[in-house]
Amino acid sequence: MFNVEGLSEKKILLVDDEKEILDLLETVLIKEGFETIYKAATGLEGIQICKEKQPDLIVLDIMLPDIDGLEVCRRIREITVVPIIFLSAKTDDVDKLLGLGIGGDDYVTKPFSPKEVAFRIKVQFRRNQYMGINEHQNDERIEFGDIVINPHHGEVTKGEVQVVLTAKEYQLLLYLAQNANQILSKRHICEKVWGEDYLGYDNTIMVHIRHLREKLENEPGKPAYIKTVKGLGYKLSTRGG
């Protein structure tokens, strides 16, 4: 089995207005090997802790007493690309897509199993290791056009400006770039980037591709780099044409 490196060193931020849920998740995560858990009962408190403690992953409830979790996610994405797992009682697909589209990396509906949440947290860290975010792996810069990906720091720049991506957007871009000029099917992308079966992920992949184009392309409607290959999938063209 693939182990997550440095599990005890990972910092987890839990944001939920239900104290019982915070305490239950904290107890389970400690049993699973995590040692540093921060807890916040409001959205604003969660944002403040995020700025001060720089957690490695955030578990975020959507229904909060001050600002909702979607707004919290939007503000957090201005300062960090760490994985965000939403917790929500909303089970409609449109709510899940909204959460993933605004910058979330996973979505768990209530009621939930605390062990499942712990497992999903480990999956996010394991995926980062696969994709080379881990500082010990695959730290060569990738450049195309005026875009530079620095896997060592998990950063992307366009020209001289740093591009703020969600963790999943970054993983998707890195995977496309590491397989540049190759056609990658949606199913293959889903398995490699999301670590899940493809069923139900078609819209999720399209949303993330659209967001990458909006952030990286000069003309998102006529992308020079992130190409759709009709009927086959996507490819990143380093030739930019």
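1. How do strand 8 and strand 9 pair, and over how many bridges? This is a predicted model, and in it strand 8 (residues 155-158) runs antiparallel to strand 9, with two bridges between them. As for who faces whom, K158 sits opposite V161 of strand 9.

2. Stepping back to the sheet around that pair: four strands make up an open sheet, ordered 6-7-8-9 and paired in the antiparallel sense. Strand 6 (142-144) and strand 9 (161-162) are the edge strands; each has a single partner strand, so one side of each has no neighbour in the sheet.

3. Now the other sheet. Here five strands form an open sheet with parallel pairing, and the order to trace is 2-1-3-4-5. Strand 2 (36-40) and strand 5 take the edges, each with a single partner strand, so one side of each is left without a neighbour in the sheet. On average, neighbouring strands in this sheet are turned by 20 degrees against each other, if you ignore direction.

4. Worth a look within the parallel sheet is the pairing of strand 3 (residues 57-61) with strand 4, which is parallel and covers four bridges. One contact to pick out is L60, whose bridge partner in strand 4 is F86.

5. F86 turns up again among the aromatics. The structure holds three aromatic pairs, and one of them joins F86 and Y107: the centres are 6.3 Å apart, the planes are 55 degrees apart, and the pair is tilted. In chain terms this links distant parts, with F86 in strand 4 (residues 84-88) and Y107 in strand 5 (residues 106-109), 21 residues apart.

6. What lies across the parallel strands? Helix 1 (residues 19-31) lies across strand 1 (11-15), strand 2, strand 3 and strand 4. Against strand 2, helix 1 runs at about 170 degrees.

7. Last, the helix pair further along. The axes of helix 6 (residues 167-178) and helix 7 (residues 186-194) come within 10 Å and cross at roughly 120 degrees. That crossing angle falls outside the 65 to 115 range counted as roughly perpendicular and is not over 145, and the two helices are therefore oblique to each other. The crossing of helix 6 past helix 7 is right-handed. On the helix 6 side the contact is made by K168, Q171, L172, Y175 and L176, and on the helix 7 side by H188, I189, K192, V193 and W194. By type, the residues of this contact of helix 6 with helix 7 split into six nonpolar, two polar and two charged.

How values were computed: Residues numbered from 1 in each chain as written. Predicted model: local features only at pLDDT ≥ 70, side-chain atom pairs only at ≥ 80, totals over all residues. Heavy atoms only, no water. Axes fitted to C-alpha atoms, helices over the stretch in contact; angles between N-to-C directions. Parallel < 35°, antiparallel > 145°, perpendicular 65-115°, else oblique. Left-handed = near helix turned anticlockwise from the far one by under 90°. Contact = heavy atoms within 4.5 Å. Nonpolar A, V, L, I, M, F, W, Y, C, P; charged D, E, K, R; others polar. Pairing = 2+ DSSP bridges. Phe/Tyr/Trp six-rings, centres within 6.5 Å; stacked < 30°, edge-to-face > 60°.
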